[in-house]
Amino acid sequence: MKKRILAVSMLLTLAGLSGSLLAADTMKAGSLAANPVIWADVPDPDVIRVGDTFYMVSTTMHLMPGCPVMRSTNLVDWEVIGYVFDKLTDNPRYNFEEGTAYGRGQWATSLRYHDGKFYVLFSPNDAPYRSYIYRAADPAGEWELVSRTDHFHDSSLLFDDDGRVYVYSGGGRINLRELNPDLSGVKEGGVNEYVILPDAEETGLHEGSRVVKHNGKYYAFIISWPGGKPRRQLCYRADNITGPYEKMVVLESAFGGFPYAGQGCMVDDKDGNWWAVIFQDRGAVGRVPTLMPVRWTDGWPMLGDESGSIPASLCRMADGAGRGAVVSSDEFDGDALSIDWQWNHCPVDSAWTLSSRPGYLRLHTSRLVSSIFDAPNTISQRMEGPCCSAAVRLDLSGMLDGDVAGFGAFNGDSGLISVMQKDGDRFLVMHTPSVRLDGKDKRIVGVDDREFARVRLDHPEVYLRIDGDFRPGRDMATFYWSTDGDSWIPIGESFKMVYDFRRMFMGSRYAIYNYATANTGGHVDVDWFRYKKVVNDIIDDLGKEGN
């Protein structure tokens, strides 16, 4: 289908983007790849290799399904292949009851492969404060819950050569605990020691364990953020698992117009080269993974190029297989949603369907709420840098008075284009709700909502579009609407997106929602979601075709 070029200028010349090839002599010739390898919210990465394939898990907290499993053949081109669980159910807050789970839930997951099985370990930072251990023969298939055991903050699972199993965890002092060989729980009488103790220089954040054993030594990656100094990556090493451990700063680097980077892991490829995947805070888009070589120097895994900096670009070890994307368009014409969708908290399964109207996602209202922040069945995907654009087509015929449906750049501070129905009339409203949460149970204590534009809608269908600009110093979302998907009309004002770890602790996400404030039983039909990651100075017309 022919594309129409919109007159939207998005210059993407980034500081440091044109770096030199890196480690090309040790890699198979491939195309040039730019850092970050995923310019989207993929925090707390843990990466392993099984044969020729790399697997990664990341944090998605209150989003369901949770614990995404990603796959790559080159550490650059990643795709989501599955999730460890569909829902977390042991806390009512996952269902917007007795508070919310914003910034809680699954995070800092450890991924390992042992005796033909994949294992993950994570511990939600919320009651009942017990870890989950899952395993699977196929990481893209069903995961089996092995046990619920003690709470392990920012944990790293380690299967040692002698058959014993350990967990490193904690903030500040790093604790080593021994598990039963079958992972049923903590081993009675097993190792329970603080083995890594921060020295006098480590006056701030000291957590994020990621541990591997290499050439008989134990290497523990720990994030460090001393007071008044940049965030950085430490490595501790020891000949014995209980220590003593010695420390080295292995990465301290700003990159791409953003300060510092730290927290992640290292992994080897099949040719014996080692690589580190370390995330970087990039404002409203979230925490993005960067890739860099590991230079073994005097037995220490030093990260980055020869100067110790994160490389702007590097040569792929090979061209990637699969989709190579973590955000995707969806025409809703199959019997399943795109794998990249996640619900905000646990969905009400009876209130959404792909079968009531084939080719559409139907979102029913199921309870009365006050805002998008406690609305069930809000469905979302990541936004991406440096710039991105997405559009949806909505059929509003099933809405009832008091219903609010639309498309948003969703976070604790959100920019929304909402259709609001009152007395049979519909209005398109661009507004910016901001939520206030109680620090204990994340209960919603207030929503401040500012309206910037209101347009009467006389059509039962509407097209909505949001463009995101995440270049350094930007973090801006702009909003458009259309009655035909061809001519786009700006609405409202540009919105400054914000990342706030005190509330949702996630990057901004594209969200589609429909909630009731007066009467339940209404619905909205979503015809499609079409997405583009913008890598040049034009935006393709998303109303015509998706990616």
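Two strands are regarded as paired if DSSP finds at least two bridges between them. On this criterion, strands 12, 13, 14 and 15 of the predicted model form an open sheet, in the order 12-13-14-15, with antiparallel pairing. Strand 12 (156-159) and strand 15 (192-196) occupy the edges; each has a single partner strand, so one side of each is left without a neighbour in the sheet. From one strand to the next, the twist averages 30°. Within this sheet, strand 13 (residues 165-169) and strand 14 (residues 174-179) run antiparallel and are joined by five bridges. In this part of the structure, Tyr166 stands opposite Glu178 of strand 14.

A further open sheet of four strands has the order 20-21-22-23, and its pairing is antiparallel. Its edge strands are strand 20 (264-268) and strand 23 (300-303), each of which pairs on one side only. The twist in this sheet averages 35° from one strand to the next. Strand 20 is joined to strand 21 (residues 274-281) by five bridges, and the two run antiparallel. Opposite Gly264 stands Ile278, a residue of strand 21.

Two loop residues were examined individually. Asp77 is located in the loop between strand 6 (66-72) and strand 7. The relative accessibility of Asp77 is 16%, and because the limit for a buried residue is under 20%, Asp77 counts as buried. The C-alpha atom of Asp77 is separated by 17 Å from that of Trp274, a residue 197 positions away along the chain. Thr109 belongs to the loop that lies between strand 7 (79-85) and strand 8 (110-114). With a relative accessibility of 0%, Thr109 also counts as buried. The side chain of Thr109 is joined to that of Gln106 by a polar contact of 2.8 Å.

The interior of the model was also analysed for enclosed space. Two cavities of 30 Å³ or more are present in the structure. The largest cavity contains about 70 Å³ of space. Its lining is made up of Asp41, Pro43, Thr59, Thr60, Met61, His62, Leu63, Arg382, Phe505, Met506 and Arg509. Classified by residue type, the lining of the largest cavity comprises five nonpolar, three polar and three charged residues.

The second largest cavity has a volume of about 30 Å³. It is lined by His364, Thr365, Ser366, Arg367, Val369, Pro376, Asn514, Tyr515 and Ala516. Strand 38 (residues 509-516) supplies three residues, the largest share of the lining of this second cavity. By class, the lining of the second largest cavity consists of four nonpolar, four polar and one charged residues.

Conventions: Residues numbered from 1 in each chain as written. Predicted model: local features only at pLDDT ≥ 70, side-chain atom pairs only at ≥ 80, totals over all residues. Heavy atoms only, no water. Axes fitted to C-alpha atoms, helices over the stretch in contact; angles between N-to-C directions. 1 Å grid on protein atoms, 1.4 Å probe; cavity = no way out; pocket = protein on both sides within 12 Å on 5 of 7 lines; lining within 4 Å. Points joined across faces, edges and corners; volume = space filled by probe spheres on them. Nonpolar A, V, L, I, M, F, W, Y, C, P; charged D, E, K, R; others polar. Buried < 20%, exposed > 50% of the residue type's maximum accessible area, 1.4 Å probe, protein only. Polar contact = N/O pair within 3.5 Å; in protein donor to acceptor, adjacent residues only side chain to side chain.
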